[in-house]
Amino acid sequence: MNIIIDAMGGDNAPGEILRGAAGAVREYGIEVTAVGDSAAIEAAAKEGDISLQGITVVHASEAISMAEGKGDAFVSAGSTGALLAGATLIVKRLKGVKRPAIGVVVPGGQQPYLLLDAGANVECRPEMLNAFAVMGSAY
């Protein structure tokens with residue numbers, strides 16, 4: 001599985017984003033595509049002694065394009081609104097899904113659980129909550 005990440009989004013990026021990506025590569029055996037300013041990404045990896053093994057760096061000077069078609073998921077700690085707009089306009093929704101939902105894995109006593117919707121929608125009607133429950137069950 002290849003996960004595309006926004007290497008420039010979030011606090012202490014790109015260093016902390018790369019640290020997490022490298023950990024995911026080691027722990028889960030996945031591939032990661034880190035998108036962002038390649039010079040900054042490579043400098044942060046060198047400065048933080050972070051291995052880029054299993055991480056492909058794709059240069060993006062301004063915006064992240066999901067038109068690449070090489071990933072199975074997309075992760076960003078950047079702007080939620082921009083991520084949702086990009087996902088809705090570029091990646092599109094699955095047939096039957098009217099509103100996107102942000103999923104967050106939350107630690108639990110016995111096992112982690114998936115929380116849907118974690119902030120994409122300010123006001124939710126009952127039918128939206130039902131749709132999120134169906135999506136969460138399918139996940």
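Reader: Through how many residues does a hairpin join β5 to β6?

Author: In this predicted model, strand β5 covers residues 103-106 and strand β6 covers residues 113-116. The two strands pair in the antiparallel sense over four bridges, and the hairpin that joins β5 to β6 does so through a stretch of six residues.

Reader: Which residue in β6 does V106 stand opposite?

Author: V106 lies in strand β5, which pairs with strand β6. Leaving aside residues up to four places away in sequence, V106 touches P112, Y113 and L115. Of the residues in β6, the one that stands opposite V106 is Y113.

Reader: How is the protein chain built, and in what order do the elements run from the N terminus on?

Author: The protein chain holds four helices and six strands, and its C-alpha trace spans about 50 × 35 × 25 Å along the principal axes. Taken from the N terminus on, the elements run β-α-β-α-β-β-α-β-β-α.

Reader: Among the elements of the protein chain, which has the lowest mean pLDDT?

Author: For the protein chain as a whole the mean pLDDT is 85, and 93% of the residues reach 70 or more. Where pLDDT is low, the predicted coordinates should not be read in detail. Among the elements, α2 has the highest mean pLDDT, at 97, while the lowest, at 71, belongs to residues 73-75, which form strand β4.

Reader: How far apart are the end C-alpha atoms of helix α1, and what should the helix span?

Author: Helix α1 takes in residues 15-28, which makes 14 residues, and at 1.5 Å a residue the expected span is 20 Å. The end C-alpha atoms agree with that expectation, because the distance between them is 20 Å.

Reader: Which elements do the buried residues of α1 pack against?

Author: An α-helix has 3.6 residues a turn, so residues three or four places apart point the same way. In α1 the buried residues are G15, I17, L18, A21, A22, G23, A24 and V25. These buried residues pack against β1 (2-6), β2 (31-36), α2 (38-47) and β3 (55-59).

Reader: Which element gives the most residues to the largest nonpolar core?

Author: Of the 17 residues in this core, I5, L18, V32, A34 and I55 touch the most other members. The elements that give two or more residues to the core are β1, α1, β2 and α2. With six residues, the element that gives the most is α1.

Reader: Which residues does V32 touch, not counting residues up to four places away in sequence?

Author: In soluble globular proteins, nonpolar side chains tend to be buried together. V32 is one of the residues of the largest nonpolar core that touch the most other members. Not counting residues up to four places away in sequence, V32 touches N2, I3, I5, A21, V25, G54, I55 and T56.

Reader: Is T33 buried or exposed?

Author: T33 has its place in strand β2, and a polar contact of 3.1 Å joins the side chain of T33 to that of N2. A residue is buried when its relative accessible area is under 20%. The relative accessible area of T33 is 6%, so T33 is buried.

Reader: Does G29 count as buried or exposed?

Author: G29 follows α1 and has a positive phi, near 65 degrees, and this residue lies in the loop between α1 and β2. A residue is exposed when its relative accessible area is over 50%. The relative accessibility of G29 is 62%, so G29 counts as exposed.

Reader: Which residue has a positive phi of about 55 degrees although it is not a glycine?

Author: The residue in question is found in the loop between α2 and β3. With a relative accessible area of 75%, this residue is exposed. Its C-alpha atom is separated by 29 Å from that of V106, which is 57 residues away along the chain. The residue with the positive phi of about 55 degrees is D49.

Reader: Which residue does a cis peptide bond join to L116?

Author: One cis peptide bond joins A13 and P14, with omega about 0 degrees, and P14 is found in the loop between β1 and α1. Another cis peptide bond, with omega about 5 degrees, involves L116. Its partner has its place in the loop between β6 and α4 (126-138), and that residue is D117.

Conventions
Residues numbered from 1 in each chain as written. Predicted model: local features only at pLDDT ≥ 70, side-chain atom pairs only at ≥ 80, totals over all residues. Heavy atoms only, no water. Pairing = 2+ DSSP bridges. Expected span 1.5 Å × (residues − 1). Buried < 20%, exposed > 50% of the residue type's maximum accessible area, 1.4 Å probe, protein only. Contact = heavy atoms within 4.5 Å. pLDDT = per-residue confidence, 0-100. Core = buried A, V, L, I, M, F, W, Y, C linked by side-chain atoms within 4.5 Å. Polar contact = N/O pair within 3.5 Å; in protein donor to acceptor, adjacent residues only side chain to side chain.
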